[in-house]
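User: I would like to go through this structure by asking for the reasoning behind each label. Please set each value against its cut-off.

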Amino acid sequence: MLRKRWGQTGGFAVAAMLSLAAAGCAAPPAPPEFTAPAPAEGENYAAYVAGRFAVENGDPRAADLLLEAARQDPGNMEILHRAFLALITAGRMSEAVAVAETLARRDAHNGIVELVLAVDAFARKDFDVALAHQERIGSGGFESLIGPILKAWVLAAKGDRKSALGALERLRTVAALRPFALAHTAYILDFLGDEEAAAAAYKEALESGQLSSLQPVVSYAAFLQKHGRATEALAVIEQYALMFRDSGYLETARNRLVAGQPIEVATTTPQSALALVLFRAARELERQEVRQPAIIYARLATHLTPQSDEARLRLAGMLADAEMYDAALGVLDAIGRQSPEYGAARMQVAWIYERSGDSEAAIGALTDYLTSEPDNIRAWATLGDIYRGQEKFRDAARAYTKAITGLGKDSEVEPWFLYFARGIAYERQGEWEIAETDLLKALELNPDEPQVLNYLGYSWIDRGIHLQRGTELIKKAAALRPNDGFIIDSLGWAYYLRGDYDEAVQTLERAVQLEPTDPTINDHLGDAYWRVGREMEARFQWRHALAFGPEKESDRKRIADKLDFGLDYADARAVH
């Protein structure tokens, strides 16, 4: 079973973050209540303890264990609430909704319960029930954003234009939430077919200078295209592409426009528009490493858009980041071969296997896919990346060569990266001349890429060649990425190898500040300290380097020699 720890979050974090104040509203008719039989005499709370442990470890048995604990203690709402959260996390929405109905009748002030019931009713297009639950969601945390947008879209779906737009008004008064109000005003007017008002609303959203994402840009382009204004749509996309040069989303929209195909957007239905907001909340929580609440929001988003494979990819990524590998693979398995997202799903499956430690399954997933799709350049590149991560550099080089051979068929793959990655693979297997050719080609294709500048510059300096030019390349990389400790280390080591020990010390001290637990950087700083006569500090850094666990036994032995006998002896011994 591929499961890992949640990290620092679990049921406690969910309760703390998502409990909201009630707003008071008439309840919808009550469905049958979830019932929990009384515990048998002598039963203990082993199921509850096991369930809590399972939640903390991302174990898929968590929900069943907590449900069993709730049956043993039917009056304990805390246990039932934990079971409810575990059910949502596991994607068992129908069971979660049944438990939510019970919780809602026993606790009228539970915001996350009301949100789940509102989203479920909205997904079923039971708009009156959705509104009733929405009124009781409250206004704390992300619900201060989700609640008004949910209400606006429910009213829009009912055809109540005035009330729908009115529901967004309070968001306009909060600076951080105003971009969402402007964007969803445009989406709602577009959905309702008010062309003139929608055009004005889109312009207001774009001209506000407060975009919360690129979605309003692409939705506006899709709106223009839909109304026969494809030239204007292309101009909008290209305007923003100049500002967001690495946006694949804009590139995809542009390609569809040029090809005369409709731009696909996620704001064409009330459910998909609300799902975007839920995913946004999920991503923000994920950035804060609050994993379970993030997954709960993502599960709600996919509940609203059950046919969306793009939503499945997002959810699977979050599950994998939470190290819930079995659950992530289950989500991806639902993406069929006929889906446009099937290739991306297979690549994500491979990475999940690799992250979970099953390298054989990772390679197998990709090679099976490439058997039927041999022209997928991204899949070959992904296979190369996985081989490279496994230090199978010869296999990695072959995979990258396959990708390079097919360049031009897949605009999503950056040619510079393929040459760069293959150059690394050749360099690591000792074929420097071929590697240097690839690295120079990568530099030619992308002269401002810090990774290429750093790797090529360091490779030259480490070999004692092109010292001046290599240093200049690394200086440029450091200027482009001044807070990258590994690049700063390369620059410090370049100074060291050139004999500029004072400059090396100053630069390597900065690198250690940025990456304090990296053994190589600490080792480098120790060497630099020794060369300027600061031998006590040198030994201190070498001890740190050993404590942080160098990967190679030869590196550990060399650092130990420096601690015992000094740098000069270790260097002399390394030569012999």
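Analyst: Start with burial. This is a predicted model. The chain has 576 residues, and 51% of them count as buried. The C-alpha trace spans about 85 × 75 × 50 Å along its principal axes.

User: How do you know what kind of secondary structure the chain has?

Analyst: By the tally of elements. The chain has 33 helices and zero strands.

User: What is the confidence in the chain, and which elements have the lowest and the highest mean pLDDT?

Analyst: The average pLDDT is 87, and 90% of the residues score at least 70. Helix α1, residues 11-18, has the lowest mean among the elements, at 29. The highest belongs to α25, at 97. Over residues 1-43 the pLDDT is below 50. That stretch still has 114 contacts in the model beyond near neighbours in sequence.

User: What share of contacts joins residues at least 24 apart?

Analyst: The share is 56%, taken among contacts between residues at least 6 apart in sequence.

User: Why are α16 and α17 called roughly antiparallel?

Analyst: Take the angle. Helix α16 (residues 270-287) and helix α17 (residues 291-304) pack at about 165°, with axes 8 Å apart. The cut-off for roughly antiparallel is over 145 degrees. The angle of about 165° is over that cut-off, so α16 is roughly antiparallel to α17. The crossing of the pair is left-handed.

User: What makes up the contact of α16 with α17 by residue class?

Analyst: There are 14 nonpolar, two polar and two charged residues. On α16 the contact includes L274, L278, F279 and L285, along with Q271 and E286. On α17 it includes P293, Y297, L300 and L304, along with R291 and T302. Q271 and T302 count as polar, because neither Gln nor Thr is in the nonpolar or the charged list. E286 and R291 count as charged, because Glu and Arg are in the charged list.

User: Why does the label roughly antiparallel also apply to α23 and α24?

Analyst: Helix α23 (residues 393-405) and helix α24 (residues 415-428) cross at roughly 155°, and their axes come within 9 Å. Roughly 155° is over 145 degrees, so the two helices are roughly antiparallel. The crossing is left-handed. Among the residues in contact are F393, Y400, T401 and I404 of α23, and L418, Y419, R422, Y426 and R428 of α24. The contact divides into eleven nonpolar, one polar and two charged residues. T401 is polar, because Thr is in neither of the other lists. R422 and R428 are charged, because Arg is on the charged list.

User: What is the crossing angle of α25 and α26, and which residues meet there?

Analyst: Helix α25 (residues 432-445) and helix α26 (residues 450-462) cross at roughly 145°, with their axes within 10 Å. That value sits at the cut-off itself, so I give no orientation label here. The crossing is left-handed. W432, E436, L439, L440, A442 and L443 of α25 meet V452, L453, Y455, L456, S459 and W460 of α26. Ten of these residues are nonpolar, one is polar and one is charged.

User: How do you know whether I386 is buried or exposed?

Analyst: By relative accessibility. I386 has 1%, and the cut-off for buried is under 20%, so I386 counts as buried. I386 is found in helix α22, residues 377-389. Beyond four places in sequence, I386 touches A350, W351, E354, A362, I363 and L366. The distance from I386 to E169 is 49 Å, C-alpha to C-alpha, and they are 217 residues apart in sequence.

User: Why is N454 called buried?

Analyst: N454 has a relative accessible area of 14%, which is under 20%, so N454 is buried. N454 is in helix α26. Leaving aside neighbours within four places, N454 is in contact with I474, A477, F486, I487 and S490.

User: What makes E323 and E391 partly exposed?

Analyst: Partly exposed lies between under 20% and over 50%. E323 has 29%, so E323 is partly exposed. E391 has 49%, so E391 is partly exposed too.

User: Where do E323 and E391 lie, and what is phi for each?

Analyst: E323 is in the loop between α18 (309-321) and α19 (325-333). Its phi is positive, about 65°, although E323 is not a glycine. E391 lies in the loop between α22 and α23. Phi of E391 is near 65°, a positive value in a residue other than glycine.

Conventions. Residues are numbered from 1 along each chain as its sequence is written. This is a predicted model: local features need pLDDT of at least 70, side-chain atom pairs count only at pLDDT 80 or more; totals for chains, interfaces and linings use all residues. Side-chain values use heavy atoms; hydrogens and water are left out. Axes are lines fitted to C-alpha atoms, for helices over the stretch in contact, and angles run from 0 to 180 degrees between N-to-C directions. Helices (H or I, at least four residues) and strands (E, at least two) are DSSP runs, numbered from the N terminus. A crossing is left-handed if the near helix is turned anticlockwise from the far one by less than a right angle, and right-handed if clockwise. Contact means heavy atoms within 4.5 Å. pLDDT is the predictor's confidence in each residue, from 0 to 100. Angles under 35 degrees count as roughly parallel, over 145 as roughly antiparallel, 65 to 115 as roughly perpendicular and the rest as oblique. Buried means under 20% relative accessible area, exposed over 50%, partly exposed in between (1.4 Å probe, protein chains only).
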